[in-house]
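Visitor: Could you take me through the charged pairs and one of the helices, a step at a time?

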Amino acid sequence: MTDARGSDSRIGETNARRAPGTPCWVSLMVHGPAATHDFYGALFGWEFRPGPQQLGPYARALLDGREVAGIGQLPPDRQLPTAWTPYFASDDVNRTAETVRLCGGTIGVGPLDAGEAGRLAIGSDPTGAVFGIWQAAAHLGTAVAGVPGTPAWNELLTYETRGVAKFYETVFGFEPAPDAAPGRDHVTLLLDGRPVAALQGAGDALPRDRGPHWMTYFEVADADASVELLTGLGGHVLTPARDTAHGRVATVADPEGARFALLQRPR
């Protein structure tokens, strides 16, 4: 992980239009949205209100009345894995989607309009990791950051970073900054010199039941207390809370198996 404070994770409202390539939203598709709302509502203090229904039932999560994430419902006849998906800003979803295809990725959904909110596409990189593309209209993305209960960072867990870094560089204009430490396969993705996301090469340690996937970090006030709360709500701990250079981090999963991380900033 790289320090996310250089990205759009300033404390307070972030209701400005994002530069292309900036992570601007996170969304989760689940089989049981009501139970999922209860879980994240208790864990992060979220409340929910209806959002665009173009992909089926969908709700936006609110923190103190400001939008922070989205939760939708998977089709009941499709047993797809649940996963948090980051969306990257684009000025032209159609053009970005075509670039994804030209660079060896795929587009599984869209491009399509989400009512007056904006225009979206959902794709995957050449290794199969899923991400979204968002062209904002009325909905600019996550409206608050830098406080507990908000997305703090997105990191791709993949087999190796070299090939996939080129993909994201070409599609979104990122500047890859590889870690110089010997034996460490980690790349920070920069926009205008600011870190906005990262790629982590895990090799054979990558979970075979998941394959390459994006991991969203959510900020919490106390990682240990949040882990205890999460387990009481039916969630699962994948990696216990540990101290890192960027704060105390735990890797967890919700009751449907969607993986994410809890981040307690250094005090």
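The conversation below turns first to salt bridges and then to a helix.

Visitor: How many salt bridges does a search of the whole structure find?
Guide: This is a predicted model, and the pairs discussed here are computed from its atoms. A pair counts when a side-chain nitrogen of Lys or Arg lies within 4 Å of a carboxyl oxygen of Asp or Glu. Searched throughout on that basis, the structure gives a total of 11.

Visitor: Which residue forms a salt bridge with arginine 184, and is that residue buried or partly exposed?
Guide: The closest N and O atoms of the pair are 2.6 Å apart, and the partner of arginine 184 is aspartate 179. Arginine 184 has 36% relative accessibility, so it counts as partly exposed. For aspartate 179 the relative accessible area is 30%, which lies between the limits of 20% and 50%. The partner is therefore aspartate 179, and its class is partly exposed.

Visitor: In the salt bridge between aspartate 209 and arginine 259, which residue counts as buried?
Guide: The two side chains meet at 3.4 Å, N to O. They link distant parts of the chain, 50 residues apart, with aspartate 209 in the loop between β14 and β15 and arginine 259 in strand β18. Aspartate 209 has 61% relative accessibility and counts as exposed. Buried means under 20%, and at 19% the residue that qualifies is arginine 259.

Visitor: Which strand holds the salt-bridge partner of aspartate 224?
Guide: Aspartate 224, partly exposed at 39% relative accessibility, forms a salt bridge with arginine 248, the closest N and O atoms being 2.7 Å apart. This pair too links distant parts of the chain, 24 residues apart: aspartate 224 is in helix α4, and arginine 248 is in strand β17.

Visitor: Why do the buried residues of helix α2 lie on the same side?
Guide: The buried residues of α2 (residues 93-102) are Val93, Thr96, Ala97 and Val100. An α-helix has 3.6 residues a turn, so residues three or four places apart point the same way. On the other side of α2, Arg95 and Leu102 are exposed. The buried residues share one side because they cover an arc of only 100°.

Visitor: What covers the buried residues of α2, and which residue caps its N-terminal end?
Guide: Among the elements covering the buried residues of α2 are β7, β8, β9 and α3. At the N-terminal end, a side-chain oxygen lies 3.1 Å from the backbone nitrogen of asparagine 94, and the capping residue that provides this oxygen is aspartate 92.

Key:
Residues numbered from 1 in each chain as written. Predicted model: local features only at pLDDT ≥ 70, side-chain atom pairs only at ≥ 80, totals over all residues. Heavy atoms only, no water. Buried < 20%, exposed > 50% of the residue type's maximum accessible area, 1.4 Å probe, protein only. Helix = DSSP H or I, 4+ residues; strand = E, 2+ residues; numbered from the N terminus. Arc of directions from axis to C-beta. Contact = heavy atoms within 4.5 Å. Polar contact = N/O pair within 3.5 Å; in protein donor to acceptor, adjacent residues only side chain to side chain.
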